[in-house]
Amino acid sequence: ENVTYQCSAKLQNDVTVSNWVPIGTEENPFYSSFDGNGKSITIYGMSSGYDYVGLFGCVQNATISNVVVEGEISSESAKYVGGIVAYCVVGDSSTIIKNCVNKANVNLSTRDSSNDEYIAVGGIVGYAEGNCNVENSVNNGEIKNSATGNFTSTAGIIGMVGNNSYS
């Protein structure tokens, strides 16, 4: 049984991590509030085996604000990669990503979308569906997508947008 807990977190110091495990999965998305407090999270290396790679892997009905991401966010096999959020899913209310800065290099290599799946890489959000609002945020990192196939997308802010409205 999946249990959902809501909480609020506020970063108090700059943090450097390696072998980062993205926060939230499709089965258990991040549903809460995270305030980066203007601090930086520097990521050197991601743990492998995740479909959604970023500071946050999968979020729903969340608020993420005031965080700076630096370093390197990369994967050889992820489906969605984003500097702040890899996958923003449809929820009962909006997910808000505001006042965030990505300075990390974001890279996806070798994934193949020949089986008709979407692959997306973005500086702030990899793939956004539902009510995902990105406000007052900027990407300063280099974005690369070497994946192959018919359904790949890459962009500086949101790599791919679902069939809903965004602001």
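Two strands are said to pair if DSSP finds at least two bridges between them, the strands themselves (E, at least two residues) being DSSP runs numbered from the N terminus. In this sense serine 75 of strand 8 has leucine 108 as its bridge partner in strand 13. The model is a predicted one, in which local features need pLDDT of at least 70 and side-chain atom pairs count only at pLDDT 80 or more, while totals for chains, interfaces and linings use all residues. Residues are numbered from 1 along each chain as its sequence is written, and side-chain values use heavy atoms, with hydrogens and water left out.

**Strand pairing**

- An open sheet of five strands follows the order 1-3-7-11-16 with parallel pairing, and its edge strands, strand 1 (8-10) and strand 16, each pair on one side only.
- Neighbouring strands of this sheet are turned against each other by 5 degrees on average, direction ignored, where axes are lines fitted to C-alpha atoms and angles run from 0 to 180 degrees between N-to-C directions.
- Strand 1 and strand 3 (residues 33-35) run parallel and are joined by three bridges, with serine 33 in strand 3 as the bridge partner of serine 8.
- Strand 8 (residues 68-75) pairs in the parallel sense with strand 13 (residues 105-108) over four bridges, and strand 13 pairs, also in the parallel sense, with strand 18 (residues 143-145) over three bridges.
- Where strand 13 meets strand 18, valine 106 stands opposite isoleucine 143.

**Valine 85 and the nonpolar cores**

- Strand 10 (residues 85-88) pairs with strand 6 (residues 56-59) in the parallel sense over three bridges, and three bridges also join strand 10 to strand 15 (residues 125-128), these two strands running parallel.
- Valine 85 is the bridge partner of phenylalanine 56, and valine 85 also stands opposite valine 125 in strand 15.
- Leaving aside neighbours within four places in sequence, valine 85 is in contact (heavy atoms within 4.5 Å) with Phe56, Val59, Ile64, Ile97, Ile124, Val125 and Gly126.
- A nonpolar core is a set of buried Ala, Val, Leu, Ile, Met, Phe, Trp, Tyr and Cys residues joined through side-chain atoms within 4.5 Å; in the largest one, of 36 residues, Ile43, Ile64, Ile84, Val85, Ile97 and Val125 touch the most other members.
- Strand 4 (residues 40-46) contributes the largest share of this core, three residues.
- Another core, of nine residues, lies apart from it and includes Cys58, Ala86, Val89 and Met160.

**Serine 137**

- Serine 137 is found in the loop between strand 16 (132-135) and strand 17 (138-139).
- With a relative accessible area of 16%, serine 137 is buried, since buried means under 20%, exposed over 50% and partly exposed in between (1.4 Å probe, protein chains only).
- The side chain of serine 137 reaches the backbone nitrogen of asparagine 99 at 3.4 Å.
- Beyond its neighbours within four places in sequence, serine 137 is in contact with Ile97, Lys98, Asn99, Cys100, Ile124 and Ile157.

**Salt bridge**

- A salt bridge is counted when a side-chain nitrogen of Lys or Arg lies within 4 Å of a carboxyl oxygen of Asp or Glu, and by this rule the count comes to one.
- Lysine 144 forms this salt bridge with glutamate 142, the closest N and O atoms being 3.5 Å apart.
- Lysine 144 is partly exposed, with a relative accessible area of 44%, and glutamate 142 is likewise partly exposed, at 44%.

Definitions and conventions: Polar contact = N/O pair within 3.5 Å; in protein donor to acceptor, adjacent residues only side chain to side chain.
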